[in-house]
Amino acid sequence: MTGPRIKAQLTGAPETLLGTLYGRAVDSRSARPDLGDPLAVDTVRRLDYDFSKMRISAGDAAGIALRARQYGPRAQR
């Protein structure tokens, strides 16, 4: 990563969307990702945001990834 991190100051529904992004990143970093979204990993790294307050477990991340795969375009592998 190069350059400064981007401060994410969101509340309400926009902040909720960060949970989906973070879940995709957590899934992508797992040993056997369901979705494999390297862009989500890169985006999370670039954001200055305390993602730990979201408390997304590995199981939650898998559910987020599976839902994204079901309802969205398939990720390129």
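Visitor: How much of the chain counts as buried, and what makes a residue buried?
Guide: In this predicted model, 34% of the 77 residues of the chain count as buried. The term applies to a residue under 20% relative accessible area. The chain exposes about 5500 Å², and carbon and sulfur atoms supply 52% of that area.

Visitor: What does the secondary structure of the chain come to, and in what order do the elements run?
Guide: There are 3 helices and 2 strands. From the N terminus on, the order is β-α-α-β-α. Among contacts between residues at least 6 apart in sequence, 66% join residues at least 24 apart.

Visitor: Why is Val 41 called buried?
Guide: Val 41 has 8% relative accessibility, and the limit for the term is under 20%; Val 41 therefore counts as buried. Val 41 is found in helix α2, residues 38–46.

Visitor: Which residues are in contact with Val 41, leaving aside its neighbours within four places in sequence?
Guide: They are Ala 25, Ser 28 and Arg 29. A contact requires heavy atoms within 4.5 Å. As for Arg 24, its C-alpha atom is separated from that of Val 41 by 7.6 Å, with the two positions 17 residues apart along the chain.

Visitor: How do you know that the buried residues of α3 are on the same side of the helix?
Guide: The buried residues in question are Ala 61, Ile 64, Ala 65 and Ala 68. They cover an arc of only 95° around the axis, which puts them on the same side of α3. In general, an α-helix has 3.6 residues a turn, so residues three or four places apart point the same way. What covers the buried residues of α3 includes α1 (12–28). On the other side of α3, Gly 59, Gln 70 and Tyr 71 are exposed.

Visitor: How does the reach of α3 stand against the expected value?
Guide: Helix α3, residues 58–71, has 14 residues and reaches 20 Å from its first C-alpha to its last. That is close to the 20 Å expected at 1.5 Å a residue.

Visitor: What makes the pair Glu 15 and Lys 53 a salt bridge?
Guide: The N to O distance between their side chains is 3.3 Å, and the criterion is a side-chain nitrogen of Lys or Arg within 4 Å of a carboxyl oxygen of Asp or Glu. The pair therefore meets the definition. It links distant parts of the chain, with Glu 15 in helix α1 and Lys 53 in the loop between β2 (47–48) and α3, 38 residues apart. A search of the whole structure finds 3 salt bridges.

Visitor: Why is Asp 37 called buried, and why is Arg 24 called partly exposed?
Guide: Asp 37 has a relative accessible area of 13%, and buried means under 20%, so Asp 37 is buried. Arg 24 has a relative accessible area of 23%, and partly exposed covers values between the 20% and 50% limits; Arg 24 is therefore partly exposed. These two residues form a salt bridge, their closest N and O atoms being 2.7 Å apart. Asp 37 is in the loop between α1 and α2, whereas Arg 24 is in helix α1, 13 residues apart.

Visitor: What separates Arg 46 and Asp 42 along helix α2, and how close are their N and O atoms?
Guide: Both lie in helix α2, 4 residues apart, about one turn of the helix. Their closest N and O atoms are 2.9 Å apart, and the two residues form a salt bridge. Arg 46 is partly exposed at 39% relative accessible area, and Asp 42 counts as partly exposed at 28%.

Terms used:
Residues numbered from 1 in each chain as written. Predicted model: local features only at pLDDT ≥ 70, side-chain atom pairs only at ≥ 80, totals over all residues. Heavy atoms only, no water. Expected span 1.5 Å × (residues − 1). Buried < 20%, exposed > 50% of the residue type's maximum accessible area, 1.4 Å probe, protein only. Arc of directions from axis to C-beta. Areas by Shrake-Rupley, 256 points an atom, 1.4 Å probe, with all protein chains shown as cover.
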